[in-house]
Amino acid sequence: MSLLADPPTSFVPFSTLVARGPAASAGTRSLIDGYGRQIRDLRISVTDRCNFRCVYCMPEEGMQWLKRETILSFEEIERIAKIGVELGIEEVRLTGGEPTLRPDLPELVERLAQLPLRSLSLTTNGFLLRSLARPLAEAGLKRINVSLDTLQHDRFHQIARRRGLDEVLAGLEELERYPSISPIKVNVVAMRDFTEDEVVAFAELSRRKPYVIRFIEFMPLDADGNWQRERVLSGAEIKAIIERDFMPLVPVPAEPSSTSRRYTFADGVGEVGFINPVSQPFCGTCNRIRLTADGQLRTCLFSIDESDLRLPLRSGASDKQIADILIEAVSHKELKHKINEGEAFQRASRSMSQIGG
Ligand code: SAM
């Protein structure tokens with residue numbers, strides 16, 4: 001069966017859903033999972049399409065796209081976000097696929113910016129930022145992550161299978177003109193036998209520019225299924241390269257739910273971070289859930305199951321009923337991913353670009 005097959009159209013009555021979960025029956029109106037973790041962070045994918053084909057994420061060809069009519073409208077996304085806020089969501093991040101490909105993205109940002117959120121952010125490959133930075137800033141975007149895995153043109157083409165380094169760098173420059181979007185984070189997916197050579201160049205970039213550079217360990221979420229443990233270049237190894245070739249790093253305190261371990265350089269100029277989901281999993285403090293572009297709620301990047309919100313949304317469910325589905329799904333949030341547990345690890349039911357990283 002295709003990973004992207006439409007979810008079943010049979011509609012589970014809300015009464016059944018509501019009756020099942022312990023959180024729902026307890027009458028609490030917040031998103032607390034079975035392990036006591038309070039969900040505060042909602043990642044929303046606005047499209048599964050992308051203008052790059054990064055080797056660690058998507059196949060070169062053959063991706064099956066979601067049908068247009070399955071993609072949530074801005075009204076539907078806004079409604080779920082609002083209900084989430086009432087249940088304690090404080091941070092919303094828009095992602096994809098490539099979210100800037102969604103027509104009128106600033107309009108969605110503007111709608112979400114009206115909600116009482118602590119953070120409204122975007123994860124993007126940056127290719128279209130030169131023209132979008134301003135409308136996004138004006139719409140109320142507060143934070144941004146730009147993915148960039150190399151600073152060399154030929155390697156960029158090797159990774160993304162598209163040209164675009166100059167556009168991404170120009171997009172980053174443009175962002176600097178809008179201080180209301182801060183910090184500017186640059187995410188580098190680190191892969192063994194590829195990233196080592198560029199670690200120092202990225203560290204230097206973080207000192208030269210107001211960008212926080214974050215190295216992310218390669219996870220088994222690639223659509224091609226080519227992930228191998230040997231290809232994971234750990235955060236500890238990257239940190240050692242920086243400290244050996246460059247200068248000592250000093251830890252910066254971070255929030256407990258933060259995915260990244262942050263460091264500044266000994267002289268205080270520049271910041272780098274390490275997101276180590278493979279070598280140092282942070283599931284214990286995970287406060288995130290994800291909404292796919294087609295309206296499926298995922299409680300873990302590595303979820304096998306999803307909870308359908310689209311059908312209820314389109315079948316006249318009340319806000320309370322939608323909230324009950326969220327509460328019920330969260331009550332079953334996975335304890336942790338099992339990447340390091342050998343046979344027990346099962347690949348997620350969708351790949352990264354289909355989930356919304
Ligand atoms: N297109 C946008 C972008 O490039 O940032 C947003 C979606 S992308 C799926 C979100 C993030 O997931 C990016 O930083 C990307 O590098 C990261 N990513 C994708 N596949 C990954 C993998 N297999 N392991 C680790 N990170 C991955």
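A residue counts as near a molecule if one of its heavy atoms lies within 4 Å of it. The structure shown is a predicted model, and this cut-off is what picks out the residues around its ligand. There are 17 residues around the ligand, and those that come nearest are Tyr56, Gly97, Glu98, Ser147 and Met219.

Three of these residues can be looked at in turn. In tyrosine 56, a backbone N or O atom lies 2.9 Å from a nitrogen atom of the ligand. Methionine 219 also uses its backbone: a polar atom there is 2.9 Å from a nitrogen atom of the ligand. In glutamate 98 the side chain takes part, with an N or O atom 2.9 Å from a nitrogen atom of the ligand. Taken alone, the ligand exposes 550 Å², and the protein buries 95% of that area. Strand 3 (119-124) and strand 5 (184-190) are the elements that give two or more residues to the shell around the ligand. Sorted by class, the shell holds nine polar, six nonpolar and two charged residues.

The next part to find is a pair of helices. Helix 8 covers residues 199-208 and helix 9 covers residues 235-245. The two pack at an angle of about 75°, and their axes are 9 Å apart. Angles of 65 to 115 degrees count as roughly perpendicular, and helix 8 and helix 9 are therefore roughly perpendicular to each other. On the side of helix 8, the contact is made by Val199, Val200 and Ala203. Helix 9 contributes Ile238, Ile241, Ile242 and Asp245. By class, this contact has six nonpolar residues, one charged residue and no polar ones.

Notes:
Residues are numbered from 1 along each chain as its sequence is written. This is a predicted model: local features need pLDDT of at least 70, side-chain atom pairs count only at pLDDT 80 or more; totals for chains, interfaces and linings use all residues. Side-chain values use heavy atoms; hydrogens and water are left out. A polar contact is a pair of N or O atoms within 3.5 Å; within protein, one must be able to donate a hydrogen and the other to accept it, and residues adjacent in sequence count only if both atoms are side-chain atoms. Accessible areas come from the Shrake-Rupley method with a 1.4 Å probe; for residues, only the protein chains shown count as cover. Helices (H or I, at least four residues) and strands (E, at least two) are DSSP runs, numbered from the N terminus. Ala, Val, Leu, Ile, Met, Phe, Trp, Tyr, Cys and Pro count as nonpolar, Asp, Glu, Lys and Arg as charged, and the others, Gly among them, as polar. Axes are lines fitted to C-alpha atoms, for helices over the stretch in contact, and angles run from 0 to 180 degrees between N-to-C directions. Angles under 35 degrees count as roughly parallel, over 145 as roughly antiparallel, 65 to 115 as roughly perpendicular and the rest as oblique. Contact means heavy atoms within 4.5 Å.
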